[in-house]
Amino acid sequence: ALPISIEIFAGDTGAWQFLTKTEFSTDWQEAVAELRYDWTDAEAAAAGWTRSANAFGWLETLRHVGKIVVVPVAGGGQGSFDLDDVRVQGVE
(Lines give C-alpha, C1' and ligand atoms only; values in the text may rest on other atoms or scores of the structure.)
Protein backbone atom coordinates (compact mmCIF):
# COMPACT_ATOMS: atom_id res chain seq x y z
CA ALA A 1 0.00 0.00 0.00
CA LEU A 2 1.25 3.43 -0.92
CA PRO A 3 0.79 6.50 1.28
CA ILE A 4 -0.56 9.72 -0.18
CA SER A 5 1.85 12.63 -0.21
CA ILE A 6 0.77 16.24 0.31
CA GLU A 7 3.31 18.78 -0.91
CA ILE A 8 3.25 22.54 -0.38
CA PHE A 9 5.30 24.72 -2.74
CA ALA A 10 6.33 28.38 -2.43
CA GLY A 11 5.46 29.44 -5.97
CA ASP A 12 6.81 26.54 -8.02
CA THR A 13 10.03 26.24 -6.03
CA GLY A 14 10.94 23.55 -3.55
CA ALA A 15 8.42 21.82 -1.37
CA TRP A 16 7.61 20.59 2.06
CA GLN A 17 6.17 17.07 1.92
CA PHE A 18 3.94 15.18 4.33
CA LEU A 19 3.27 11.45 3.99
CA THR A 20 -0.26 10.78 5.19
CA LYS A 21 -1.49 7.67 6.93
CA THR A 22 -4.07 7.29 4.16
CA GLU A 23 -3.24 4.52 1.72
CA PHE A 24 -3.71 5.22 -1.98
CA SER A 25 -6.36 2.92 -3.42
CA THR A 26 -9.45 3.18 -5.58
CA ASP A 27 -11.62 3.89 -2.54
CA TRP A 28 -9.60 6.43 -0.55
CA GLN A 29 -11.70 9.31 0.74
CA GLU A 30 -9.53 11.67 2.74
CA ALA A 31 -5.89 12.51 3.32
CA VAL A 32 -5.14 14.77 6.29
CA ALA A 33 -2.05 16.73 7.28
CA GLU A 34 -1.67 19.05 10.24
CA LEU A 35 0.10 22.33 9.69
CA ARG A 36 0.51 25.56 11.59
CA TYR A 37 1.46 28.91 10.16
CA ASP A 38 3.51 29.80 13.23
CA TRP A 39 5.75 26.71 13.25
CA THR A 40 9.50 26.97 12.97
CA ASP A 41 11.27 24.66 10.52
CA ALA A 42 12.10 22.33 13.43
CA GLU A 43 8.47 22.22 14.59
CA ALA A 44 7.25 21.44 11.07
CA ALA A 45 9.81 18.63 10.81
CA ALA A 46 8.79 17.27 14.22
CA ALA A 47 5.16 17.15 12.98
CA GLY A 48 6.21 14.98 10.02
CA TRP A 49 6.85 17.52 7.27
CA THR A 50 10.03 17.00 5.23
CA ARG A 51 11.80 19.92 3.56
CA SER A 52 13.20 19.37 0.08
CA ALA A 53 16.78 20.47 -0.56
CA ASN A 54 15.72 23.58 -2.52
CA ALA A 55 12.71 24.57 -0.38
CA PHE A 56 12.37 27.84 1.45
CA GLY A 57 11.86 27.83 5.21
CA TRP A 58 8.47 26.77 6.58
CA LEU A 59 7.15 30.27 7.31
CA GLU A 60 8.33 31.66 3.97
CA THR A 61 6.75 28.71 2.13
CA LEU A 62 3.37 29.23 3.79
CA ARG A 63 3.48 32.97 3.14
CA HIS A 64 3.97 32.33 -0.58
CA VAL A 65 2.05 29.11 -1.29
CA GLY A 66 1.93 28.68 -5.06
CA LYS A 67 0.52 25.20 -5.27
CA ILE A 68 -0.48 22.18 -3.25
CA VAL A 69 0.10 18.74 -4.77
CA VAL A 70 -1.68 15.55 -3.68
CA VAL A 71 -0.15 12.42 -5.16
CA PRO A 72 0.58 8.76 -4.35
CA VAL A 73 4.21 8.30 -3.27
CA ALA A 74 5.00 5.76 -6.01
CA GLY A 75 3.32 4.29 -9.08
CA GLY A 76 0.52 1.80 -8.76
CA GLY A 77 -3.13 2.01 -7.83
CA GLN A 78 -5.16 4.38 -9.94
CA GLY A 79 -3.53 6.12 -12.87
CA SER A 80 -5.42 9.31 -12.00
CA PHE A 81 -8.12 10.57 -9.68
CA ASP A 82 -10.47 13.51 -9.25
CA LEU A 83 -9.81 15.72 -6.28
CA ASP A 84 -13.09 17.31 -5.25
CA ASP A 85 -12.12 19.37 -2.26
CA VAL A 86 -9.08 20.84 -0.53
CA ARG A 87 -9.88 22.34 2.87
CA VAL A 88 -7.76 24.33 5.23
CA GLN A 89 -9.47 24.73 8.55
CA GLY A 90 -8.56 26.13 11.92
CA VAL A 91 -8.44 23.90 14.94
CA GLU A 92 -9.06 25.11 18.47
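In which segment is Leu83 found? Leu83 sits in the segment after β4 (65-72). The model you are looking at is predicted, so let us walk through its layout before coming back to that residue.

**The chain as a whole**

There are 2 helices and 4 strands in the chain. Read from the N terminus, its elements follow the pattern β-β-α-β-α-β. Of the 92 residues, 26% are buried. Contacts reach well along the sequence: taking those between residues at least 6 apart, 63% join residues at least 24 apart. The chain exposes about 6300 Å², and carbon and sulfur atoms supply 49% of that area.

**The sheet**

The 4 strands make an open sheet in the order β3-β2-β1-β4, with antiparallel pairing. Because β3 (49-51) and β4 stand at the edges with a single partner strand each, one side of each has no neighbour in the sheet. Neighbouring strands are turned by 20° against each other on average, direction ignored. As a general reminder, strands of a sheet pair through backbone hydrogen bonds.

Strand β1 is a good place to look at the pairing in detail. Its two partnerships are set side by side here.

| Strand pair | Sense | Bridges |
|---|---|---|
| β1 (residues 2-10) and β4 | antiparallel | 7 bridges |
| β1 and β2 (residues 13-24) | antiparallel | 7 bridges |

Individual residues help you trace these pairings on screen. On the β4 side, Ile4 stands opposite Pro72, while Ala10 has Val65 as its bridge partner. Towards β2, Glu7 is bridged to Gln17. The strands β1 and β2 also form a hairpin with 2 residues between them. Gly11, in the turn, has a positive phi of about 65°.

How many of the 9 residues of β1 are buried? The count is 7, so β1 is largely enclosed by the rest of the structure.

**Back to Leu83**

Is Leu83 buried, partly exposed or exposed? Its relative accessible area is 43%. Buried means under 20% and exposed means over 50%, so a value in between counts as partly exposed, and that is where Leu83 falls.

Leu83 also has company on the surface: together with Val65, Ile68 and Val86, it forms a nonpolar patch with about 330 Å² of accessible area. Val65 links this patch to the sheet described above, as the bridge partner of Ala10 in β4. The patch thus brings together Val65, from the strand β4, and Leu83, from the segment after β4.

Key: Residues numbered from 1 in each chain as written. Predicted model: local features only at pLDDT ≥ 70, side-chain atom pairs only at ≥ 80, totals over all residues. Heavy atoms only, no water. Patch = residues over 30% accessible without salt bridge, like charges linked within 9 Å, V, L, I, M, F, W, Y side chains within 5 Å. Areas by Shrake-Rupley, 256 points an atom, 1.4 Å probe, with all protein chains shown as cover. Salt bridge = Lys/Arg side-chain N within 4 Å of Asp/Glu carboxyl O. Buried < 20%, exposed > 50% of the residue type's maximum accessible area, 1.4 Å probe, protein only. Pairing = 2+ DSSP bridges. Axes fitted to C-alpha atoms, helices over the stretch in contact; angles between N-to-C directions. Contact = heavy atoms within 4.5 Å.
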